[in-house]
Amino acid sequence: MVKRLKRNFFTQITLKVAKEMLGKYIVHKIGKKKIIGKIVETEAYIGPRDKASHAYLGKKTSRNKAEYLIGGHIYIYLVYGMYWQLNISTGEERRPECVLIRATEPISRDKNKIPKIANGPGKLCRFLKISEKHYGLDVCKSDKIWLEDRGEKIKLSAIIATPRIGIDYAGPYWSKIKWRFYIKNNKFISRY
DNA sequence: GTACAGATTGAG
DNA sequence: TCAATCTGTACT
């Protein structure tokens, strides 16, 4: 049974959303075509107290303003001048919290031929054809991009928590905290 | 107007 | 393992 994720999913606490988003499906409809990916890897970024977050100490800029929206909005931005990072805002309005989607398992094409097409934040956006045009989109209301629950339940024991990637600059505490989650034994995550 | 960081990728 | 790569951001 397919259920579309609603607002009340995204307004839960961020760490819970990050874990529960594993095994969900992200759907991007372009015309009559659908691009679908199963979410297998996420990271949590929690507002002003998270040194690795763009909203550390409540910083608000035109780049990260979508992070402050109520849960369910797309917060997408560019790193290294060329790669897009897809985030979904979480929590209540004005809370700068979000979940970064790092990897999806491609569903809509032959996945044996292209096992590594979406195993990283940059590649994922290329695969899903999501870009700055979708900045601030509400996945609870949009008819273009949304998330689906297909009844798959990921067991707690199958969720691995590790430190987040590429944020050494955040210092020994924040760079070690285990807010990266992925599905155990999944071949489509970005790193092992 | 300009320096610079950066939540990566892909080649070696 | 490591360096190429480039735009938005946040300074001056």
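These exercises walk through a predicted protein model with two DNA strands.

**Ground rules.** Residues are numbered from 1 along each chain as written, and chains are lettered from A, ligands numbered from 1, in written order. As the model is predicted, local features need pLDDT of at least 70, side-chain atom pairs count only at pLDDT 80 or more, and totals for chains, interfaces and linings use all residues; side-chain values use heavy atoms, with hydrogens and water left out.

**Exercise 1. Describe the fold of chain A and find why its radius of gyration agrees with that of a compact globule.**

Step 1. Count the elements. Chain A has four helices and nine strands (DSSP runs, H or I of at least four residues for helices, E of at least two for strands, numbered from the N terminus).

Step 2. Put them in sequence order. The pattern is β-α-α-β-β-β-β-β-α-β-β-α-β.

Step 3. Apply the globule rule, which is 2.2 Å times the number of residues to the power 0.38, with the radius taken over C-alpha atoms. For 192 residues a compact globule would have a radius of gyration near 16 Å; chain A has 15 Å, so the two agree.

Step 4. Check burial. Of the 192 residues, 54% count as buried (under 20% relative accessible area, 1.4 Å probe, protein chains only).

**Exercise 2. Work out which residues and elements of the protein surround DNA strand B.**

Step 1. List the neighbours. DNA strand B has 21 residues around it (a heavy atom within 4 Å). The closest are Tyr80, Gly81, Lys123, Gly166 and Tyr169.

Step 2. Look at the DNA side. Sugar and phosphate make up 55% of the strand B atoms that come within 4 Å of the protein.

Step 3. Map the elements. Strand 5 (83-89), strand 6 (97-106) and helix 3 (121-128) each supply at least two residues. Helix 3 gives the most, with four.

Step 4. Find polar contacts (N or O pairs within 3.5 Å). A polar side-chain atom of Asn87 is 2.8 Å from a base nitrogen of strand B. For Tyr77, a polar side-chain atom lies 3.5 Å from a base nitrogen. Gly166 places a backbone N or O atom 3.2 Å from a phosphate oxygen.

**Exercise 3. Repeat the analysis for DNA strand C.**

Step 1. Name the neighbours. They are Thr61, Arg63, Leu78, Tyr80, Gly81 and Met82.

Step 2. Look at the DNA side. Sugar and phosphate account for 79% of the strand C atoms within 4 Å of the protein.

Step 3. Find base contacts. A backbone N or O atom of Tyr80 lies 3.4 Å from a base oxygen of strand C. A polar backbone atom of Gly81 is also 3.4 Å from a base oxygen of strand C.

Terms used:
Polar contact = N/O pair within 3.5 Å; in protein donor to acceptor, adjacent residues only side chain to side chain. Buried < 20%, exposed > 50% of the residue type's maximum accessible area, 1.4 Å probe, protein only.
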